[in-house]
Structures are given as structure tokens and as C-alpha cells.
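Trainee: Before I set anything up with this chain, can we go through what backs up each label? I'd like to hear the reasoning, not just the values.

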Amino acid sequence: MDSIRKEVLDFYRSLGTKIIDKSHDQDTTDLHKCITYIWDFAPDANKSTLCILVAGALGGRYDHEMGNLNVLYCFSSLRIVLLSDDSLIYLLPRTHHHEIHIQTCVEGPHCGLIPIGAPSGSSTTTGLRWNLNNTEMRFGGLISSSNIVVGEKVTVQSDTDLLWTISIKKL
């Protein structure tokens, strides 16, 4: 709310929209505040299956994109999907063996696995053109960018959190 134009704020107020001003908190991003709000008000019974789709999270200022990626790590127990015009990104926590079911009519084939939070000493995949087999990945070394999904299921196991990114098709 610290950068909203007055006419935009007035427009939403005129529609009866509830306005929550957290602009006094400059230590968290707007997305972080939104995710906190959703989490706080979601019924406890739904929290374990909660999936949050964030449209427009990518493709703008790079520092904002990095802030949005950081939110994935801040809320690593939640399923948060960042969506842009041409791709989606979500976090694959190291605590799970992941099975990613590809909807080939809307996503793929280009994909990547990025160890942005920390180096990966061992990552293994199936379902990719260039699978990883206990492969080390780190910035300054190998990362799995520009890979290709070859089927409708990809599996991922890693000793560190990875970002999964996949292209989405224009409809």
C-alpha cells in the first residue's frame, strides 16, 4: 500500500473492498504479507492442502522477482506457485520425494531445477531429457536449466530445496 496511487485506492474503496494497510512493515514484501494473511485466515482443516497461485509474480523488476522467490523459501511448507505469461515456478522442499504430473496440453516442454537457496550435493530425476543422477548442482557450476520434459511425470529427489520451473503454453 506504500506505492498505490490515490485514484486506484479510491476506486477499490468505492467498491466496498476491505483495505488492509501494512505499509508500516517495510521488512517484508507485499507478497509475504498476502501469504501471511491467507495463512492466518485459512481454516485449520484446509491448511495442509492449501495451494496459492500468484499471478503476475514474475516478469517485472528483478528485485521484486527475487523477493517473490524468497517468499517461497519463507513459506516452504506451503504450496505456492508463481505464475507469469510464459512459466510457472514453485519450490520443491528437500524433505519430500516429488512426483510432478505434467499437463502437456498447457505446460512444458522446457523446464529447469535451480538450487537457488543452497548448493545441492545430490539431485536425482526421472522424466527429463537430461536426467540427473546423484548430480551436484550449484551456482558457479551446473544447474539444470533448459531441460526438457519427456513424459507426463517427472520425479525429483534432492538433498536441498530446488526451484522447479516449467514453461506454459499460450492458449
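Trainee: How many helices and strands does the chain have?

Mentor: This is a predicted model, and the chain has three helices and 10 strands. Read along the sequence, they follow the pattern α-α-β-α-β-β-β-β-β-β-β-β-β. The C-alpha trace spans about 55 × 35 × 35 Å along its principal axes.

Trainee: How do you know that the chain is divided into domains, and where do the bounds lie?

Mentor: The bounds come from an automatic or database assignment: domain 1 is 23–85 and domain 2 is 87–170. Their C-alpha centres lie 20 Å apart. The contact takes 13 residues from domain 1 and 12 residues from domain 2.

Trainee: What makes the area between domain 1 and domain 2 "buried", and how much is there?

Mentor: Buried area is the accessible area that two parts lose on being put together, summed over both. For domain 1 and domain 2 that comes to about 1,100 Å². Carbon and sulfur atoms give 64% of that area.

Trainee: Which elements supply the side of domain 1 that touches domain 2?

Mentor: Helix H3 (62–74) and strand S2 (79–83) each supply at least two residues. S2 gives the most, with five residues. By class, that side of domain 1 has nine nonpolar, two polar and two charged residues.

Trainee: How many salt bridges are there between domain 1 and domain 2?

Mentor: A salt bridge needs a side-chain nitrogen of Lys or Arg within 4 Å of a carboxyl oxygen of Asp or Glu. The count between domain 1 and domain 2 is zero, so no pair there earns the name. On the other hand, four residue pairs are in polar contact between the two domains.

Trainee: What is the peptide bond from Gly108 to Pro109, cis or trans?

Mentor: That bond is cis, with omega near 5 degrees. Pro109 sits in strand S5 (residues 107–114).

Trainee: What about Asn134: is its phi positive or negative?

Mentor: Positive, at about 55 degrees, although Asn134 is not a glycine. You'll find Asn134 in the loop between strand S6 (120–126) and strand S7 (135–137).

Trainee: Last one: why is a stretch called "Thiamin pyrophosphokinase thiamin-binding", and which residues does it cover?

Mentor: The name comes from UniProt, in an unreviewed entry that places this domain feature at residues 96–162. Annotations there may be inferred rather than shown by experiment, so take the label as the record's. From the model itself, the span is 0% helix and 51% strand, and its end C-alpha atoms lie 11 Å apart.

Methods: Residues are numbered from 1 along each chain as its sequence is written. This is a predicted model: local features need pLDDT of at least 70, side-chain atom pairs count only at pLDDT 80 or more; totals for chains, interfaces and linings use all residues. Side-chain values use heavy atoms; hydrogens and water are left out. Helices (H or I, at least four residues) and strands (E, at least two) are DSSP runs, numbered from the N terminus. Contact means heavy atoms within 4.5 Å. Buried area is the accessible area (1.4 Å probe) that two parts lose on being put together, summed over both. A polar contact is a pair of N or O atoms within 3.5 Å; within protein, one must be able to donate a hydrogen and the other to accept it, and residues adjacent in sequence count only if both atoms are side-chain atoms. Ala, Val, Leu, Ile, Met, Phe, Trp, Tyr, Cys and Pro count as nonpolar, Asp, Glu, Lys and Arg as charged, and the others, Gly among them, as polar.
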